[in-house]
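Here is a friendly walk through a two-chain model, written for someone who likes to check backbone angles and contacts. Have the coordinates open as you read.

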Amino acid sequence: MTAPLALIAEDEPLLAQHLRGELARLWPELRFAESAGDGLTALRRALAQRPDILLLDIRMPGMSGLEVAQALAEDWPDGVNFPLLVFVTAYDQYALQAFERSAIDYVLKPLQPERLAQTCGRLRSALAQRSAAPNPNDALQAAVQQLRGLVDAPRPAAPTLQVLQASVGDVIHLVPIAEVLYFEAADKYVRVITAEREHLIRTSLRELQPQLDAQRFWQIHRGTIVRCDAIATATRDESGRYTLSLRGHPDRLAVSRLYAHLFRAM
Amino acid sequence: MNPSLTSPVLPEPRLRRSLRHGVTVSVFCTVIATMLWLIRGHRWDVDMVYSQSIGLTTWLLIDIGAALMTRGTEVPWPTGWRVPVLLAAGIVPGYVIGTVIGDAYRGGSNWDDWHGSPRAFASYLVTSVVAAVVITNYFISKGRAQHQAVQLAAAERDAAEAKLAMLQSQVEPHMLFNTLANLRVLIAMDPPRAQAMLDQLIAFLRATLEASRGGSHSLSAEFARIGDYLALMQIRMGARLEARLDLPAELAQMAVPPLLLQPLVENAIKHGLEPKVEGGRIDVSARREAGTLVLTVRDTGVGLDGPPADGARFGLHQVRERLATLHGGAARLSLDRAADDDGGCVAIIHLPITEAR
């Protein structure tokens, strides 16, 4: 077995350096990828270098550690071992509760060497198990199960939106929420697709989501929320991924593996 | 200090207070009956029955009347013109009903005594009226004093909670633990820098306690503490945070509430610069405009797009509250998009000028 590779995602440089130093002391054969100082870099680097272990700070600029983990679970290639995740946080009681529920490992800042040693022990035995019975897709499924617990964590309720206001030049278009087929994240905007046309609204999907009726609007990917009664079919391909077709619209939508459990024949 | 753990002064339940009054009245009636018996030498039991039935009926009527008059209010006793009305409504029927009960026990009529011995009758009546007025007034003033004590305790509790909320918002757990995490690393790596960081943390924590006690300090002290806070944040954020402080020397002795600017600086970092991958700059400056001190906190962060975060709103609310408490409408806080190309947002406080004490 080659020496395991670890990637640290932490926006505070001193803490990243320290975490790396402590891990190297506790686990001398561990190799390190260059640490990432923000969420997006962490996601890209993890996809490119496919580390065995990923240590994620929760509060990071760009994307939070939780978002990185979820995006990674969506984009991770089949047949490759998913990194073992460890979250790092100074204080975040809601996240900690969610970790406890989903049995996800985490360490608190300031780092306690004993606690970190425990984590290293767990990581070592998990890696040993993996090399004894290599089944990358099981590992990925296990990670997906855990991360679903985080995605489904209760969110603060917001008043439900009835009408969207999308401006085009000097004109504001009022779009009844019932006419929306799906929403798609596009950088700092959200594309709103109706049967007739498409609008751009200046908000993020993350801010929009709590204002939507969750019974009616399903998240199927970190970048896509679809109105469930606009879905015509869900087709599974050989790798187990679903693609949706819509009523009265030619677009096809991909369902990420984090949300595949939404589609099951009755 | 946790105000929810200190035992609060709770108002006594109405029924319990009323029963306590009843017992007091009964004891008083016993004393009166005994005195009448000693003076006049009639039957002790008869005097006692008259005294108790008149006293307790009057007590019952007055307490029920008071409860009806003050239903739904916090003060359990009536005020102003209601007091004599209540007394009359209690004493007259109380005297009549109590006498009827006493008559029934004695097997004669006290009303007949009006003819037989007007003096004895009058002494009963006067005793009853005086006793009822004295006791009722005693209960009212005692009830008011208790009510005031309860209100005072509630006000003290509210003030303590406000102080605690301020302290907690300034020493946010995430900030504190992250700072300590960095400090722990520096102790091994760079002891002199760790010491400097610890000193800054101590100065900042001291100022937060100072701020929660009220009072004021000089603008130069304010800038020094904001400087400490920014230095702590710079250790955490590294090159992602650039900070500039600009305090003209002639404004250094102006008085300001301690850490007034801190929530604004914290918002600028937490909601402006921390979410921005490349980080940015924060400028804190003071200037004088006629009779006004203008304090500006500007960042080059992600700006005001999207709804403000709850935490940010709390910080702004807190600064506005403090300004309103200290200066009424004479001070104000505004938050806007920064006008130049660097982006981000700018928070401005306008304060009427006062010199430091």
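Helices and strands here are DSSP runs, at least four residues of H or I for a helix and at least two of E for a strand, numbered from the N terminus. With that in hand, A:Arg50 can be placed in the loop between α2 (39-49) and β3 (53-57) of chain A. Please keep in mind that this is a predicted model.

**The two chains**

Chain A has seven helices and 15 strands, while chain B comes to 10 helices and seven strands. Of the 266 residues of chain A, 36% count as buried; in chain B, buried residues make up 33% of 357. As for contacts with a separation of 6 or more, residues 24 or more positions apart account for 56% of them in chain A. In chain B, 74% of the contacts between residues at least 6 apart in sequence join residues at least 24 apart.

**Where the chains touch**

How many residues of chain A are in contact with chain B? There are 18, and they meet 21 residues of chain B. Helix α1 (residues 13-26) of chain A supplies the largest share of chain A's side, four residues. By class, that side holds nine nonpolar, four polar and five charged residues.

**Nonpolar cores**

In soluble globular proteins, nonpolar side chains tend to be buried together. The largest nonpolar core in this model has 91 residues, and the members that touch the most others are A:Leu55, A:Leu56 and B:Val265. Helix α8 (residues 219-237) of chain B gives the most to this core, with nine residues. To look at one of these hubs, select A:Leu55: leaving out residues up to four places away in sequence, A:Leu55 touches A:Ala6, A:Ile8, A:Ala9, A:Leu19, A:Val86 and A:Val88. A second, separate core has 19 residues, among them A:Tyr182, A:Val190, A:Ile231 and A:Leu253.

**Helices of chain B**

Two packed helices are described by the angle between their axes and the distance between the axes. For helix α2 (residues 44-69) of chain B and helix α3 (residues 82-106) of chain B, the axes come within 7 Å and cross at roughly 145°. The crossing of α2(B) and α3(B) is right-handed. Their contact has 16 nonpolar, nine polar and two charged residues.

Why is helix α9 (residues 262-273) of chain B described as largely enclosed by the rest of the structure? The reason is that 12 of the 12 residues of α9(B) are buried. The buried residues include charged side chains as well as nonpolar ones, for B:Glu266 and B:Lys270 are buried in α9(B) along with B:Leu264 and B:Ile269.

**Strands of chain B**

Strand β4 (residues 280-289) of chain B pairs with two strands, listed below with one bridge from each pairing.

| Strand pair | Direction | Bridges | One bridge |
|---|---|---|---|
| β2(B) and β4(B) | parallel | six | B:Glu242 with B:Arg281 |
| β4(B) and β5(B) | antiparallel | eight | B:Ala286 with B:Leu295 |

Strands β4(B) and β5(B) form a hairpin with two residues between them. One to inspect is B:Ala290 in the turn, which has a positive phi of about 55°.

**Backbone details worth a look**

Most residues other than glycine have a negative phi, and most peptide bonds are trans. B:Ala290 has its positive phi although it is not a glycine. Is B:Ala290 buried or exposed? B:Ala290 counts as exposed, because it has 6 C-beta neighbours inside 10 Å and the cut-off for exposed is 12 or fewer.

A:Arg50, the loop residue we started with, also has a positive phi without being a glycine, here about 45°. A:Arg50 is partly exposed, because 17 other C-beta atoms lie within 10 Å, a count between the limits for exposed (12 or fewer) and buried (20 or more).

Chain A also has a cis peptide bond, joining A:Lys109 and A:Pro110, with omega about -5°. A:Pro110 lies in the loop between β5 (105-108) and α5 (113-132) of chain A.

Finally, try A:Glu196, found in the loop between β9 (189-194) and β10 (198-201) of chain A. With 9 C-beta neighbours inside 10 Å, A:Glu196 counts as exposed. A:Glu196 and A:Glu179 are 17 residues apart in sequence, and their C-alpha atoms are 9.3 Å apart in space.

Key
Residues are numbered from 1 along each chain as its sequence is written. Chains are lettered from A and ligands numbered from 1 in the order in which they are written. This is a predicted model: local features need pLDDT of at least 70, side-chain atom pairs count only at pLDDT 80 or more; totals for chains, interfaces and linings use all residues. Two residues are in contact if their C-beta atoms, placed from the backbone, lie within 7 Å. Axes are lines fitted to C-alpha atoms, for helices over the stretch in contact, and angles run from 0 to 180 degrees between N-to-C directions. A crossing is left-handed if the near helix is turned anticlockwise from the far one by less than a right angle, and right-handed if clockwise. A nonpolar core is a set of buried Ala, Val, Leu, Ile, Met, Phe, Trp, Tyr and Cys residues joined through C-beta atoms within 7 Å. Two strands pair if DSSP finds at least two bridges between them.
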